[in-house]
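User: Could you take a close look at the largest pocket for me and then walk me through what surrounds it? I am in my first year, so please go step by step.

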Amino acid sequence: MTAFLSRLLGRLPIGYLQLTHHPGRLLAALAGVAFANVLVFVQLGLAGSMAESVAIPYRLFQPDLLIVSPAESETLSDASTLPRQRLFQALVHPDVTDGTPIYMSRSTWLSGQEASSSIQFFGVMPDAGEFFHDALAAPLIRLSLSDTALVDTLTRFVDMRSFAAAHSEAPVPFEMQNRQLGAVGTVSIGGGFGGDGVFLISDQTFFRMFPQRSSATPSHILLALAPGADPGRVAAELAQLYPPDTVRIRTVTEATDQEVRYQMTERPTGLIFAFGVVIGIVVGIVIAYQVLSADHIREYATFKAMGFRQSFFVGIILEEAIILAAIGFWPGLAFSQLFYHSLAYLTNIPIFMTPERAVAVLIGTIIACSVSGILAMRKLAAAEPADLF
Amino acid sequence: MSDVAITVSGLDHYFGEGDARKQALFDVNLEVGSGSLTILMGPSGSGKTTLLTLMGCLREVHAGSVRLLDQELFESDEITRIDMRRRLGFIFQAHNLHDSLTARQNVMIGLQVHGRGDPARHGEAADHLLDLLGLGERLDYLPGNLSGGQKQRVAIARALVSNPNIIFADEPTAALDKVSGLAAVQLFKDLGRARGTTTVMVTHDPRILDLADRVVTLEDGRVVMDRIQT
């Protein structure tokens, strides 16, 4: 390794030799860098998981435009209701070919004395398959039967295996909201940070389950546009049809992006994840600093006396920083993968490693270790060659 | 290059500031010829180390003049002093070898200060010099596995390997036995004759005084004796 690095650097790899001279200290440093990596990966993983879990329900829909009430409109599940009249008003526009309302509410699945799961119910019109993901179009028709549901096989904290064969010819019975329902099919959506699963039911079943809700006040309105119509233009023109500040019209992509941004930047969870990332970076910088600023003052003073310039010392420190980052990253990545798998298995949240995240953390680790090196340089710059005599 | 390697004129030096300011050197005048071996002597606190570090470009010259290899150091900037130090060799009493480098690597560092080069050739030069100093069997030893005398010889090799114009040495024979000490000083003399390498050495070792071309004695920051030996 020394010979290889010598050829690579065109000089003795003093940073590498310094690091490996104290194997115990090196191992501690690598463990520290790996730990900081795990901290960052965990926070980024959770943040990514939140973004993914936010996006998954949106992927059920494929309308051209989504209309919501402007009040509490940042999230899909917590949006205020709006008058169904807005749907009929929209249908006046020549480029709006169809529309459908969606009704949303929550209920609790009780699995036992203490176990419970928060279920998000989507009440939809069974014949509105064109507004939903292609795979849902056929199962939605089954919801025409009253008191039936498509249940989420990934519902957290509920053993959903008995629903695997659910079909309209063999509904699997279950009870929620004091009503007997029959599962006539399944979807795979999964829980996120706001709930444990999503069940789809017809609008009529929805009103029976949630009698306080009215068909006149849906949660969202989905619109289909004529082929070739520009959603941005149509949204702007629709906005002119409505009284000011009564609706918010967006594409599904815009709504998804805005909710992800909202969850990440304005909700405490997102801020906590961001804070966790900062903590991880600070821990990494501190640990690397402890190693890079280790007591080499006398040796550096000797190099200064010999006529080495500051750039030489910067080179050594960066060499050490990059070695620490490049080696410490891998155990951090491995432990993080293990953590992701464990958490996904235990909680069903969509948490997984992405190549982009791995590369970003590797680059971030190198930068953080380099920052430590620059901070360490300030200490080592104090090496005074005249004091050697 | 002139026959004079170092010219010191009217050199004063101070440490501290304000009320704590203390003068360490008083009007020191000295001329050191190229290729000569000069020994600085004097009791502790007499200013010999301060003079050595000023001549070695390790401190800023406050007042007076130090002319080194035709370069004036008074009011010189840090870059000039760093560049000048590349033409010098330093031998420290405490060796100051790099703990994580082998004897060979410690000596190679003395060559690498001059820039990128072929590490293999640097290694050959280091091996040759260490062999000359009797350390041919210890090339791959870390300093922690060398005796004090062996470390000192590695430090001497490190100082000599880049063929410096001037060697500044602080008690270079302190850790050496009589034979090795005399051999090291004889090496400095031989380099002076063969290459014109100038050596300025602080020492209390009476065994080597006779080998010096010149002995300068300082007391309380002043030159009290300047004896040229033939």
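Analyst: Happy to help; here is a walk from the pocket to the domains beside it, then on to the cavities and some salt bridges. Please keep in mind that this is a predicted model.

Let's begin with the pocket itself. The largest pocket holds about 430 Å³ of space. Its lining is made up of 27 residues, and those closest to the centre are A:S53, A:S77, A:R106, A:G194 and A:G195. If you want to find the lining by element, look in chain A for α3 (23–58), β3 (116–124), β7 (197–202) and α8 (252–265), the elements that give two or more residues to it. The top contributor is α3(A), with 6 residues in the lining. You can also sort the lining by class: 10 residues are nonpolar, 12 are polar and 5 are charged.

Now, where does this pocket sit in the chain as a whole? Chain A is divided into domain 1 (2–54 + 267–388) and domain 2 (65–250). Both of these domains give residues to the lining of the largest pocket, so the pocket lies between them. The C-alpha centres of the two domains of chain A are 47 Å apart. Even so, the domains do touch: 10 residues of domain 1 of chain A are in contact with 8 residues of domain 2 of chain A.

Besides the pocket, there are enclosed spaces to visit. The model has 3 cavities of 30 Å³ or more. In the largest cavity there is about 110 Å³ of space. It is lined by 13 residues, and the closest to its centre are A:M306, B:L88, B:G89, B:F90 and B:R158. Two or more lining residues come from each of these elements: α10 of chain A, and β6 (88–91) and α5 (148–160) of chain B. The most come from β6(B), which gives 3 residues. By class, the lining of the largest cavity has 6 nonpolar, 4 polar and 3 charged residues.

One helix on that list deserves a pause. Helix α10 (residues 297–306) of chain A has 8 of its 10 residues buried, so the rest of the structure largely encloses it. The buried residues of α10(A) are A:E299, A:Y300, A:A301, A:T302, A:F303, A:K304, A:A305 and A:M306. Among the names there you will spot A:M306, one of the residues closest to the centre of the largest cavity. Just after α10(A) comes A:G307, with a positive phi of about 110°.

The second largest cavity has about 60 Å³ of space. Its lining consists of A:Q18, A:L19, A:H22, A:R25, A:L26, A:V291, A:A294, A:H296 and A:E320. Here α2 (14–21) and α3 of chain A each supply at least two lining residues. So you meet α3(A) again, the element that gives the most to the lining of the largest pocket. The classes in this second lining are 4 nonpolar, 3 polar and 2 charged.

Finally, let's turn to charged side chains that pair up. Over all chains, the structure holds 18 salt bridges. In one of them, the side chains of A:D147 and A:R179 meet at 3.0 Å, N to O. A:D147 sits in the loop between α5 (134–142) and β4 (148–152) of chain A, while A:R179 sits in strand β6 (residues 179–187) of chain A, so this pair ties together parts that are 32 residues apart in sequence. Are these two partners buried or exposed? Buried means under 20% relative accessible area, so A:D147, at 17%, counts as buried. A:R179, at 24%, counts as partly exposed.

A:D147 has another partner as well: the side chain of A:R208 meets it in a salt bridge of 3.3 Å, N to O. This pair links distant parts of the chain, with A:R208 in helix α6 (residues 203–209) of chain A and A:D147 in the loop between α5 and β4 of chain A, 61 residues apart. A:R208 is partly exposed, with a relative accessible area of 33%.

Chain B offers an example too. B:R85 forms a salt bridge with B:E78, and their closest N and O atoms are 3.9 Å apart. B:R85 counts as buried at 3% relative accessibility, whereas B:E78 counts as partly exposed at 40%.

Note on methods
Residues numbered from 1 in each chain as written. Chains lettered and ligands numbered in written order. Predicted model: local features only at pLDDT ≥ 70, side-chain atom pairs only at ≥ 80, totals over all residues. Heavy atoms only, no water. 1 Å grid on protein atoms, 1.4 Å probe; cavity = no way out; pocket = protein on both sides within 12 Å on 5 of 7 lines; lining within 4 Å. Points joined across faces, edges and corners; volume = space filled by probe spheres on them. Helix = DSSP H or I, 4+ residues; strand = E, 2+ residues; numbered from the N terminus. Nonpolar A, V, L, I, M, F, W, Y, C, P; charged D, E, K, R; others polar. Domains from an automatic or database assignment. Salt bridge = Lys/Arg side-chain N within 4 Å of Asp/Glu carboxyl O. Buried < 20%, exposed > 50% of the residue type's maximum accessible area, 1.4 Å probe, protein only. Contact = heavy atoms within 4.5 Å.
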